[in-house]
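Trainee: I should be grateful for a close look at a single helix of this structure, with attention to which of its sides is covered and which is open. Please then set out the surroundings in one connected account.

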Amino acid sequence: MREGLEDVITEVMENINNYSRQRGRVIEFRELLYGYHRLDALHGQDLILDLLLIYKKYRGKKMTVPVRRHLYVQRAFTGIFVKEFDEDFYNVTLQQSLLGSILHSGMARLSSHFTMASGLLPQAEDKIVLVLPISGRLGTFERFLRIYEHICIKAEQHCDLLVVIFGAPEELGDHLQLLSDLRGRHVYQQVNWIQRSGSFSRGVALDVAARSSYIQPADIILFIDVDMVFEVATLQRVRMHTQRGRQVYLPIVFSQYDPQRRSDGATTTAGGDSPPPIDDENGYFRQFGFGICAIYKSDILDEDINGFDKDITGWGLEDVKFLEKIVRVGTRQQGFLSNTAELPLDYNEAAEQWRRLSVFRAPDPTLVHVYHDISCDIQLEAAQYNMCLGTKANSLGSTRLMEQLFYNSRDNFRFIEAFNRQKQQQQQQAR
């Protein structure tokens with residue numbers, strides 16, 4: 001901070017004194033009395049500085065006068081640049097991460113047999129609670145539980161599972177049996193569920209889960225979809241990019257195209273547990289999907305977020321409303337200026353207590369949405385219905401495949417020719 005302020009003041013004083021010889025005066029910087037700064041995520045750093053200056057006039061009537069002036073500065077962000085590391089740096093970093101992983105697993109095994117000093121034990125990772133809303137979809141639900149058992153339980157990833165099931169009690173027998181069997185195989189793992197009656201609402205399901213006693217304030221909540229396939233690396237990224245009181249993680253998932261439309265004869269089935277290859281012909285990264293989200297429980301119950309919108313029923317839109325709340329919380333601190341003067345440490349304590357939630361997004365190739373048929377209910381609200389149609393269209397296939405399908409049909413050419421002729425006739429009649 002000090003170095004940055006010195007650079008700003010030096011540059012400003014040089015600009016002020018550019019024409020000092022023509023004007024017969026010079027202004028010298030003497031002291032920074034106090035100042036404020038804030039960081040605007042869109043524009044850069046804003047500064048308000050109270051400067052003590054010395055005004056010296058050496059032409060005409062000479063004088064030397066101390067003056068105070070307020071300086072208002074906005075420092076814009078620079079452009080994006082790439083920094084390359086040599087191979088030795090990469091190898092050292094990789095070795096450190098491998099050694100850390102080996103040390104962590106070794107200490108965990110020793111601690112299960114011996115009593116060790118707390119200082120020797122590695123810091124415990126925050127628990128991830130996977131929250132899954134479900135209605136029907138028994139076969140897909142069974143696949144999800146297999147993935148969860150393999151990735152989260154057998155790989156010892158310190159996770160819990162909380163399922164919110166919608167439907168009449170007589171319709172949930174098979175779902176509850178799958179959950180009971182999973183709990184029976186792993187009696188020391190937390191596999192919980194909440195039953196809800198009425199129409200399916202993802203917003204209601206996620207809100208009820210977030211407020212339940214199954215999740216503690218210090219736990220990370222990972223809102224996930226039953227169609228998702230994930231790996232251990234997915235959970236590592238969730239812990240890395242989710243910061244309590246500071247950052248929410250919304251990964252950009254890879255969404256699989258309809259495998260039945262593939263022109264190369266590929267037979268990737270939706271029922272398999274392994275994800276499809278990550279390339280432009282098998283799917284796309286869903287940039288505008290915000291349904292998969294990782295956030296601490298203490299953050300989601302912030303008074304300005306207060307969970308999910310429970311008035312939305314049916315498909316979609318609850319994730320967009322939730323993101324709007326997060327963005328609002330993330331921008332509210334922009335109105336608070338932090339004091340840069342040398343004052344007691346508790347001077348800005350009120351500012352430090354404010355939650356400053358930012359959103360981190362990045363493509364995650366290990367988080368894959370497996371294709372399934374999409375049916376858009378015409379009873380949905382207009383915004384939800386249009387979003388559903390857009391997602392359905394994007395999931396049909398790649399641009400290259402759509403081009404091939406179009407050019408392989410002569411009927412399409414005949415339609416275009418007839419359309420162009422009709423358009424030309426209408427233009428001629430209009431003249």
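Mentor: On helix α11, the exposed residues Ala382 and Asn386 sit on the face directed away from the buried side. This is a predicted model, and what follows is computed from it. The buried residues of α11 are Gln384, Cys388 and Thr391. Viewed along the helix axis, these buried residues fall within an arc of 65°, so they line one face of α11. An α-helix has 3.6 residues a turn, so residues three or four places apart point the same way. The length of α11 can also be checked: its 13 residues, 382–394, should span 18 Å at 1.5 Å a residue, and the C-alpha atoms at its ends are indeed 18 Å apart.

The next point is the partner of the covered side. The buried residues of α11 pack against β11, residues 283–285. Strand β11 contains Tyr284, which is buried, with a relative accessible area of 16%. The ring centres of Tyr284 and Tyr257 are 5.6 Å apart and their planes meet at 25°; as planes under 30 degrees apart count as stacked, the pair is stacked. Tyr257 lies in the loop between β10 (252–256) and β11, so that this pair, 27 residues apart, links distant parts of the chain. Tyr257 is likewise buried, at a relative accessible area of 10%.

The whole structure holds seven aromatic pairs. One of them, Tyr249 with Phe360, is tilted, with 6.1 Å from centre to centre and 40° between the planes. Tyr249 belongs to strand β9 (residues 247–249) and Phe360 to strand β14 (residues 358–360), so the pair ties together parts 111 residues apart in sequence. The two partners may be set side by side: Tyr249 is buried, with a relative accessible area of 1%, whereas Phe360 is partly exposed, at 27%.

A strand elsewhere offers a useful contrast with the helix. In β12, both faces are covered: Cys293 and Ile295 are buried on one side, and Ala294 and Tyr296 are buried on the other. In a regular strand the side chains alternate between the two faces of the sheet. Strand β12 runs antiparallel to β7, and four bridges join the two; within this pairing, Ile220 stands opposite Tyr296.

To return to the helix: Gln384, Cys388 and Thr391 are buried, while Ala382 and Asn386 are exposed on the face turned away from them.

Conventions
Residues are numbered from 1 along each chain as its sequence is written. This is a predicted model: local features need pLDDT of at least 70, side-chain atom pairs count only at pLDDT 80 or more; totals for chains, interfaces and linings use all residues. Side-chain values use heavy atoms; hydrogens and water are left out. Buried means under 20% relative accessible area, exposed over 50%, partly exposed in between (1.4 Å probe, protein chains only). Two strands pair if DSSP finds at least two bridges between them. The expected span of a helix is 1.5 Å times one less than its number of residues. The arc is that of the directions from the helix axis to the C-beta atoms. Contact means heavy atoms within 4.5 Å. Rings of Phe, Tyr and Trp (its six-membered ring) pair if their centres lie within 6.5 Å; planes under 30 degrees apart count as stacked, over 60 as edge-to-face and the rest as tilted.
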